[in-house]
Amino acid sequence: MSARALFLGVLVSGLGAAAVHADDARPVPNDIPDMHEEALAAGIDHKYSGPWEFFVGGGVAAFDCNGDRLPDLFLAGGTNPAELYRNESETGGGLRFEKVSMGIPDEDLSRVLGAYPLDIDDDGLMDLVVLRLGRNLILKGKPDCQFDVANSAFAFDGGKDWTTAFSATWEKGLPFPTLAVGNYVDRMAPGSPWGTCAANYLFRPHPGDKPNYEDPTALQPSYCSLSMLFTDWNQSGVASLRVTNDRQYYRGGEEQMWHVDPGKPPRLYTAAEGWRHLSIYGMGIAQADLFGNGYPVYALTSMGDTKLQQLDEESDTDRPVYDDIAYPLGVTAARPYTGDDVRPSTGWHSQFADVNNDGLLDLFISKGNVEAMPDFAADDPDNLLIGQWDKTFIEAGKPAGIALMRRGRGAALVDLNLDGMLDLVVVNREAPVSLFRNRGAKRSFGDIPLGNWLEVELLQPTLNRNAVGARISVKTGNHTMDRTVTVGGGHASGQAGFIHVGLGTAERAEIRVRWPDGEWSHSYRVFANNFVRIERGKPDAEYWLPPPPAETKPGEATQ
Amino acid sequence: MKHGSRGHGDRRQSRVTGAAICVAFFFSGQALAGDAPPWAEKAIHDHIDFTTLEGTLSADELKTLVEIGKHLFTARFTIADGLGRPMATQAIIPTQRKHPTDAPFRRTAGPDANNCQSCHNIPVLGGSGDFTANAFISEGFESFDFDTLDPQFSNERGSVSLFGAGLVELLAREMTAELRAERDHAVAAARQSGEPETVALSTKGVDFGELTVMPDGLVDFSGLEGIDSDLTVRPFSQKGVFASLRQFAINAMNAHLGIEASERFGKRWTGVDDFDGDDRPDELSPGDVSAVVAFQATLPAPGRMVPDDAGWREAAAHGEKVFADLGCAACHRPFLPLNGLTFTDPAPYDTAGTLRTGEVERPAQYDLALLDWAKALPRNDKGQILVPLFGDLKRHHIADGEVNQLGNELLAQRFVERDVFMTAELWGVGSTAPYGHRNDFTTLDGVIRAHAGEARAAREAYVAAEESDRSDLIAFLKTLVIEP
């Protein structure tokens, strides 16, 4: 029996039904971040609203639109206009945002479900793919948070569908990224909404010196997708497309993964290849190399149990045979962990991140009833599952302060005030956006600093300048923490910018990068508690220093 | 200093009372609490609660804390105290072994001592160590279980004297603050001007090269010299890679004794309270570490001996001039100016894993000027204390292709190349033979002749000097002693 199978067997038998449960009362030995909600004080007053079509969606894109490396926030609005908030927060201080005009027609900001940032044309300015009920948009970034609608310029057909998912990858041999767009129910089809899922599409760029996305390929069959993620699930160097689908509306459907091999038409992984039938109310995908072996695990949100999919170790690594390990690891998050509502949860956005900088990944899941589904929890707080050294997770949403009874949808864990600690923004349906500042670990006398950290920015001098698809491997002692640069996943929400890694007690680290083309870099030696830029080909990593706070306290404010 | 929290109102009184009790405990051998009889084979009978140290310590309170620290420094720890680390390595971040060891001591990989004094005792407690007490320093990640003296696996090092360590740390803190302020000023200036700003980094007369800040905040560190890129002056260990006495004490307690401080090896960072698997949870409390730090921080600065022999006095006076003329003082600076003598614990520049200022409600602080030896330190006309360390707290290349005895090591340490070391402070050098980072130079003449790299010019000047000048230089260095 493999070591990992043995480990999981011991976990299941040892934990039994007692500890790993929504009512898990195990104390959390490591830090719980003190998350302080301050959206209004920060200047963000925004709600995601609308009828049935906006029961789903509600995403946020976190990215820098004005070149200061502070993550700005684009918030989907549904029937409310989508809004862009420029980040004006002081380093290490309270959060502060200012709503700005994007320079595009108001009509285009209506009926927005979500958005993902990426630099499509490699001009150094982040673009935004906006998912809408109706015509999707590619917004080409300009300086100072201004954008142009580039659908015509990039020959991108935004379609008319109810778009809920997106992912992108740079395929070998193509000059611009390949885009995957996921659509939900075809509202016009006879018998809608039951069994009438609209097609998903793959947009491959044509050769040329500017993006040209004519003639997309339909990905059929499609099953009402709510999240997609290009992912190199087997270390082959080629990303496949994982798609999570909502069984509420499909008939005869399942979870999917597509071969997207360079130069070949996309085709589904089949049962013969090892792909197991899994049918869930798929809402969000998060990936992480949880076991440090190069093979990602995937957290799939749903109604009821969250799934945690791990490659079956008994099978050949080229076969996508996945086991569910959510229960032994304590991440089923099947029902609310606080309050009186004992009905099953509804999960949406999922994201792995190290929220307490202890070197272990944690898992955030946004939660909330679809609308008024009577069989599911109405009071359903978001989860913050703190990773432990034995690979299990313990729920800490309540002590962290994020257990608001709002209907969470898209979200992002992102360092908004450049203090090395991940903050949290959650878009809520028919409720204000929640904006949580991570203030450290709470003690009787105040908040204390968390563990050490690094934030890494990659730059390639060639196409795919932000190195989407790269793997960042951070080594401290005998412990290695991996992150992969992706575009996609979550629930209608994407991020671009610094990649955060918690380091625990390590004062320094060595970083290696496997660039998207598979080439490994040498080791870069860096000190903890820094923003680091790694430019391909340069011998040393560079540090980036955020603007000093206005009032520098001796020995404290600077790093 | 007792267990448990106390109200602020009665803290002062209770702390003095507690201190008196603790003093009685340690000196009378009477057990204060618990079931252990006074002859019990353990050194730590009670742990100090850090909250009882918060705020400014009076002279008496400092004295008590130092006495407790001295007890911990000289105590012969046993497995009942948690000596030994069967399931942990010597690494400075918590690192577990795959298989337990079978013996509490291991001469090479450690633990290699049951008390601090066994290596720090020349000429007296708190001093340096002889070659017999050399330690074998390795990272403790892979190959942590080496049982060879092969330099591929470890760096063999002599123990440095701790006298004056408090002043050294205070200097380092001030220098770090000044360098970071220079950097931050350049960052702000570059952002404002829209142009790159290059700043020469210099503090207390010691130059650390330069850095260039781009208007967007990217920094070019390629011009840095002798310091880490986070601009933290790390003055401890032979290579200058540890920032504070507190950090070093926690490292050493784990590596050499297998006693693990809870602030690094405890539940918060490892999930368990017995990380080394010896059935002793939370072996060293933050308050205990503070006591050990206080003992070291208050060790007097080495001074100067005035020889009875008139000839020696004359030779030494001339030798001090030769020291400057040959260029030795470029790195072995006779004085560095210190602005203040207030020692705060925790230190301001440690990172997670060593107790940090932000992790306590109030740091402990004590004024070294309460101590007679500190009061006697010379001051300049600005009121700055002139710390007579004969060092610069900067790292230098000390070997080259032709003169390479000090480049003997094969392993880099904490990103610092194998032939780079911090300038050794020469205060007390007359009392702490043998010399060199491996304690393998029996004479000062020998270790001077081994200087190379950045010190090559001074070394050549020494070799080329008259015999009488060299002799006078030695006469001078021999007057730099640790006074009994």
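**Exercise 1. Find how many residues each chain brings to the contact between chain B and chain A, and describe the side that chain B presents.**

Solution. In this predicted model, the contact draws 39 residues from chain B and 41 residues from chain A. The next step is the area: about 3,600 Å² is buried between the two chains, and carbon and sulfur atoms give 57% of that figure. On the side of chain B, the residues that lose the most area to chain A are Leu218(B), Arg268(B) and Phe415(B), which together account for 22% of what that side buries.

Turning to polar terms, the rule finds 17 residue pairs in polar contact across the interface, both residues being at pLDDT 80 or more. As for secondary structure, α3 (165-193), β6 (218-220) and α6 (267-270) of chain B each supply at least two residues of the side that touches chain A, and α3(B) gives the most, with five residues. By class, that side of chain B divides into 14 nonpolar, nine polar and 16 charged residues.

**Exercise 2. Determine how many salt bridges the rule finds across the interface of chain B and chain A, and locate the partners of Arg268(B) and Arg69(A).**

Solution. Side chains of opposite charge can pair when their charged atoms come close. The structure holds 64 salt bridges over all chains, and the rule finds four across the interface of chain B and chain A. One salt bridge is formed by the side chains of Arg268(B) and Asp31(A), with an N to O distance of 2.7 Å. Because Arg268(B) lies in helix α6 of chain B and Asp31(A) in the loop between α1 (3-15) and β1 (33-37) of chain A, this pair joins two chains. Arg69(A), for its part, meets Asp216(B) in a salt bridge at 3.5 Å, N to O.

**Exercise 3. Classify the crossing of helices α2 and α7 of chain B, and then that of α8 and α12 of chain B.**

Solution. The axes of α2 (residues 59-74) and α7 (residues 286-297) of chain B come within 7 Å and cross at roughly 95 degrees. Angles of 65 to 115 degrees count as roughly perpendicular, so α2(B) is roughly perpendicular to α7(B). Residues making this contact include Leu65(B), Ile68(B) and Phe73(B) of α2(B), and Ala291(B), Val292(B) and Phe295(B) of α7(B); by class, the contact has nine nonpolar, three polar and two charged residues.

For the second pair, the axes of α8 (residues 310-325) and α12 (residues 467-477) of chain B come within 6 Å and cross at roughly 105 degrees, which makes α8(B) roughly perpendicular to α12(B). Among the residues that meet are Trp312(B), Val322(B) and Phe323(B) in α8(B), and Leu473(B), Phe476(B) and Leu477(B) in α12(B). This contact divides into nine nonpolar, two polar and three charged residues.

**Exercise 4. Locate the cis peptide bonds before Pro193(A) and Pro346(B), and the positive phi of Ser237(B).**

Solution. Most residues other than glycine have a negative phi, and most peptide bonds are trans. A cis bond joins Ser192(A) and Pro193(A), with omega about 10 degrees, and Pro193(A) lies in the loop between β11 (178-183) and β12 (200-203) of chain A. In chain B, the bond from Asp345(B) to Pro346(B) is cis, with omega near 10 degrees, and Pro346(B) sits in the loop between β9 (342-345) and β10 (364-367). Finally, Ser237(B) has a positive phi near 85 degrees and belongs to the loop between β6 and α4 (245-257) of chain B.

Definitions and conventions
Residues numbered from 1 in each chain as written. Chains lettered and ligands numbered in written order. Predicted model: local features only at pLDDT ≥ 70, side-chain atom pairs only at ≥ 80, totals over all residues. Heavy atoms only, no water. Axes fitted to C-alpha atoms, helices over the stretch in contact; angles between N-to-C directions. Helix = DSSP H or I, 4+ residues; strand = E, 2+ residues; numbered from the N terminus. Parallel < 35°, antiparallel > 145°, perpendicular 65-115°, else oblique. Contact = heavy atoms within 4.5 Å. Nonpolar A, V, L, I, M, F, W, Y, C, P; charged D, E, K, R; others polar. Buried area = accessible area lost by both parts, 1.4 Å probe. Polar contact = N/O pair within 3.5 Å; in protein donor to acceptor, adjacent residues only side chain to side chain.
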